[in-house]
Amino acid sequence: MRALILVLFLMSALLLLGLQPAPPAEPPVAQTAVEEQEVVERAPELRVVEERFPRNSTLQEVLFKHDLEPPDIHQLIEDTRDVYNLNRVRAGNRLQLGFLEDGRLQSLHYEISDEEFLDVRYSEDRYRAELGRHDFDVQVSEISAVMPDSLYHTLKRMGEGDQLIAELLEVLQWDVDFTALQAGDWFKVIFEKKFREGDFVKYGRILAVQFHTGGRDIYAFRFTNPETGTEKFFDAKGGSVRKAFLKVPFRYHPRISSGFSYARFHPNLKKRRPHLALDYAAPRGTAVLASASGRVVLAGWNGGFGKHVKIRHANGYTTGYAHLSRILVKVGQNVQQGQTIGRVGSTGLATGAHLDYRIQDRRGRYLNPRKRIEWPSDKPLDKRYWSEFVAVRDTFLERLGGLAEPAAGNLKAD
């Protein structure tokens, strides 16, 4: 009885204080644990194929072979046109294609050149294109040699490629007559080679040249304008290597079959008469270049000269190109130095395929193209950059001087 009275008293006290007795604990409810599943987006697996474009093929022909439909090919070309025109693929260039399991084209990689490539991916109902450039390991090389015969054959025997030969000829084309090389002539060249993943890919820039011929040294140093970033070649005194006239109106240096003479025996007319020109023996159809920029004043048949082109130049000189098989310019047309103006032939009084090449000064006098004539040159180095140029020049001169002197007979002619 007392215990009951005590319990009732305590409960009344708690109510007066505003406190509630704690409810009995609920029995634990069994809960089912739900494991969170991590969602990982995986790139779809692609079937990758590689192609090289055959000659005279198109992108459409290659994609047809992989069962792409014409509308899909059209969309690919149109979506990427603003970045690169895929109608301009070149024979031999590499193409990599990535296809989804259902046959849809998902990616495309096209090697545009040794330097540049195109990447395309399909995303959000369209193809998205991006141009990229390869990273190269650029190494500077140095070579020197005596020429027992031609520059071309000398460099070939040294294991160098056509690209280096062509670019070296281009640098020297205004100063060196490669048809008149002499025994003991030699050269030194500093140039770049480009490698990718350890493999040689292509030549880079020619940086400096020393060419010794006829007892004189010809120099060419590549110099970058500090303001514009343009690059040009200058000689040791800051004069432009580029001259108003090419030494030879060809991309290579053919044999001279008949020289400049005031009394040459003419093989057709059987008598002596002036031959105020150089005859270059070259295969029929060989491209003939304008040796200087100017305006065409004659383009047609001209008696014994056959098909004949004459160009008047801004400095008052005139050049003539005779016995052509084809003429590719018209009277009044402006032409640029190095532009193809015709093809070698044997028209007129000619015994075989060759080019009759003549130069006249502003007074009409014929000049011997083989003699060292001080042709007008391109603009020399801007004097504001003289100190920068001297630093570049002297660095290259020191490197050229450090190359072993080419010894006669170090390369024998074939």
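Which residues of α6 are buried? Keep that one in mind while we get our bearings.

**Before you start**

This is a predicted model, in which local features need pLDDT of at least 70 and side-chain atom pairs count only at pLDDT 80 or more, while totals for chains, interfaces and linings use all residues. Numbering runs from 1 along each chain as its sequence is written, and side-chain values use heavy atoms, with hydrogens and water left out.

**The whole chain**

Show the protein chain as a cartoon: there are six helices and 22 strands. Helices (H or I, at least four residues) and strands (E, at least two) are DSSP runs, numbered from the N terminus. Switch on the surface, and about 24700 Å² is accessible, 50% of it belonging to carbon and sulfur atoms; areas come from the Shrake-Rupley method with a 1.4 Å probe, and for residues only the protein chains shown count as cover. Of the 414 residues, 42% count as buried. Here buried means under 20% relative accessible area, exposed over 50%, and partly exposed in between (1.4 Å probe, protein chains only). Among contacts with a separation of 6 or more, 61% join residues 24 or more positions apart, a contact being heavy atoms within 4.5 Å.

**Stop 1: helix α6**

Select residues 386–402. At 1.5 Å a residue, the 17 residues of this helix should span 24 Å, and its end C-alpha atoms are 24 Å apart, which agrees; the expected span is 1.5 Å times one less than the number of residues. Now for the opening question: F389, V390, R393, F396 and L400 are the buried residues of α6. Looking down the axis, you will find them within an arc of 140°, so they line one face of the helix. That arc is taken from the directions from the helix axis to the C-beta atoms. Turn to the face away from the buried side and you meet the exposed S387, E398 and G402. Add β7, β8, β9 and β10 to the view, since they are included in what covers the buried residues of α6.

**Stop 2: helix α5**

Next, select residues 162–172. Buried in α5 are L164, I165, L168, L169, V171 and L172. They cover an arc of only 160° around the axis, which puts them on the same side of α5. Their packing partners are β6 (137–146), α4 (151–157), β7 (186–196), β8 (199–213), β9 (216–224) and β10 (231–234).

**Stop 3: aromatic rings**

Display the side chains of Phe, Tyr and Trp. The whole structure holds 16 aromatic pairs. Rings (for Trp, the six-membered one) pair if their centres lie within 6.5 Å; planes under 30 degrees apart count as stacked, over 60 as edge-to-face and the rest as tilted.

Begin with Y122 and Y127, an edge-to-face pair at 4.8 Å centre to centre with 65° between the planes. Y122 is partly exposed, with a relative accessible area of 24%, whereas Y127 is buried at 6%.

Then move to Y321 and Y357, a tilted pair at 5.5 Å centre to centre with 40° between the planes. This pair links distant parts of the chain: Y321 is in strand β18 (residues 318–327) and Y357 in strand β21 (residues 354–360), 36 residues apart. Y321 is buried, with a relative accessible area of 0%, and Y357 is buried with a value of 0%.

Now pick F191, F195, F200 and Y203, which ring pairs link into a cluster. Add K193, whose charged end sits over the ring of F200, 5.6 Å from its centre. A charge sits over a ring if NZ of Lys or CZ of Arg is within 6 Å of the ring centre and within 35 degrees of the ring normal. For another example, select R358, which lies over the face of Y366 at 5.8 Å from the ring centre.

**Stop 4: two histidines and an aspartate**

Select H308 in strand β17 (residues 307–312). H308 is buried, with a relative accessible area of 5%. Leaving aside neighbours within four places in sequence, H308 is in contact with L298, A299, G300, N302, G320, Y321, A322 and I327.

H323 is in strand β18. Its phi is near 70°, a positive value in a residue other than glycine, and at 5% relative accessibility H323 counts as buried.

Where is D67 found? Look in the loop between α2 (59–65) and α3 (70–80). The phi of D67 is also positive, near 65°, and D67 is exposed, with a relative accessible area of 65%.
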